[in-house]
Amino acid sequence: MKYELTQEFYFEAAHTLHREIETDSSLRIHGHTYHADVTVAGMPDPASGMLIDLGHFRAALAGVREQLDHRLLDEVAGLKMPTLEGLCAFIATALQPALPGLVRVTVARRASGDRCTLHL
Ligand SMILES: Nc1nc2c(c(=O)[nH]1)N=C([C@H](O)[C@H](O)COP(=O)(O)OP(=O)(O)OP(=O)(O)O)CN2
Ligand SMILES: [Zn+2]
């Protein structure tokens, strides 16, 4: 038996993208609203009854949100590619030290139905 605990945050960010299709519009700076789901898994600590206190969980997410919200993603240090895939990797790398039970990061653009999940 194993528990999963998930927290969500959102951020607004701009980017440009080099693509083989829709080249001109993708190269213009444009913005998206992103929703990220972050999941930790394991067994609750017997003393606290928690995998991780949601207060600590939210504080860790606030730190990575600060690095992404209202940013030009092309300029974010450590974000290798300003794609959904790159954002999953960036968020996972940023959170792993604070969240040792991290198992999954999903980043979605709900307006267009795009969603990417990184399983760790
Ligand atoms: N595998 C991926 N493919 C694409 C990504 C991505 O993150 N991973 N991102 C994009 C672009 O961000 C692009 O702006 C979205 O393009 P598209 O899906 O073509 O959507 P539209 O431009 O038609 O509409 P929006 O309202 O701008 O979402 C492309 N591919
Ligand atoms: Zn885009």
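## A strand residue and its contacts

Val 103 touches Thr 39, Val 40, Ala 41, His 119 and Leu 120, with residues up to four places away in sequence left out. Val 103 sits in strand β4. The model is predicted. In it, Val 103 has 17 C-beta neighbours inside 10 Å, so this residue counts as partly exposed. Gly 42 lies 61 residues from Val 103 along the chain, yet their C-alpha atoms are separated by 9.5 Å.

## Overall layout

The protein chain has 3 helices and 5 strands. Along the sequence they follow the pattern β-α-β-α-β-α-β-β. Taken along the principal axes, the C-alpha atoms fill a box of roughly 55 × 25 × 20 Å.

Of the 120 residues in the protein chain, 22% are buried. Take the contacts between residues at least 6 apart in sequence: 62% of them join residues at least 24 apart.

## The sheet

The 5 strands form an open sheet with mixed pairing. Their order is β3-β1-β2-β4-β5. The edge positions belong to β3 (71-72) and β5 (114-119). Each has a single partner strand, so one side of each is left without a neighbour in the sheet.

Start from the β3 edge. β1 and β3 pair in the parallel sense, over 2 bridges. Here Ala 13 stands opposite Arg 71 of β3. Next, β1 and β2 run antiparallel and are joined by 13 bridges. One residue to look at is Gln 7, whose bridge partner in β2 is Val 38.

β2 also pairs with β4, again antiparallel, through 6 bridges. Asp 37 has Thr 106 as its bridge partner in β4. At the far end, strand β4 (residues 102-109) runs antiparallel to β5, and 6 bridges join them. Val 107 is partnered in β5 by Cys 116.

## Helices on the sheet

Helix α2 (residues 54-68) packs on the sheet. α2 touches β1 (3-15), β2 (30-42) and β3. The direction of α2 makes about 20° with that of β1.

Helix α3 (residues 84-95) packs on the sheet too, touching β2, β4 and β5. The direction of α3 makes about 145° with that of β4.

## The nonpolar core

The largest nonpolar core has 23 residues. Leu 87, Ile 91, Leu 95 and Val 107 touch the most other members. Two or more residues come from each of β2, α2, α3 and β4. The biggest share is that of α3, with 7 residues. In soluble globular proteins, nonpolar side chains tend to be buried together.

Leu 87 is in contact with Tyr 34 and Val 107, leaving aside neighbours within four places in sequence. Val 107 is thus met twice: as a core residue with many member contacts listed above, and as the bridge partner of Cys 116 in β5.

## Around ligand 1

The residues around ligand 1 are Leu 17, Glu 22, Ser 26, His 30, Thr 83, Leu 84, Glu 85 and Ser 112. By class, this shell has 2 nonpolar, 4 polar and 2 charged residues.

Glu 22, one of these residues, lies in the loop between β1 and α1 (23-27). Glu 22 counts as exposed because it has 9 C-beta neighbours inside 10 Å.

## Positive phi angles

Most residues other than glycine have a negative phi. Glu 22 has a positive value, near 45°. His 70 also has a positive phi, about 55°, and is not a glycine. His 70 is found in the loop between α2 and β3. With 10 other C-beta atoms within 10 Å, His 70 is exposed.

A glycine with positive phi appears in the hairpin of β4 and β5. That hairpin has 4 residues between the strands. Gly 113 takes a phi near 75° there.

Notes
Residues are numbered from 1 along each chain as its sequence is written. Chains are lettered from A and ligands numbered from 1 in the order in which they are written. This is a predicted model: local features need pLDDT of at least 70, side-chain atom pairs count only at pLDDT 80 or more; totals for chains, interfaces and linings use all residues. Two strands pair if DSSP finds at least two bridges between them. Two residues are in contact if their C-beta atoms, placed from the backbone, lie within 7 Å. Axes are lines fitted to C-alpha atoms, for helices over the stretch in contact, and angles run from 0 to 180 degrees between N-to-C directions. A residue is near a molecule or strand if its C-beta atom, placed from the backbone, lies within 6 Å of it. Ala, Val, Leu, Ile, Met, Phe, Trp, Tyr, Cys and Pro count as nonpolar, Asp, Glu, Lys and Arg as charged, and the others, Gly among them, as polar. A nonpolar core is a set of buried Ala, Val, Leu, Ile, Met, Phe, Trp, Tyr and Cys residues joined through C-beta atoms within 7 Å. A residue is buried if 20 or more other C-beta atoms lie within 10 Å of its own, exposed if 12 or fewer, and partly exposed in between; C-beta atoms are placed from the backbone.
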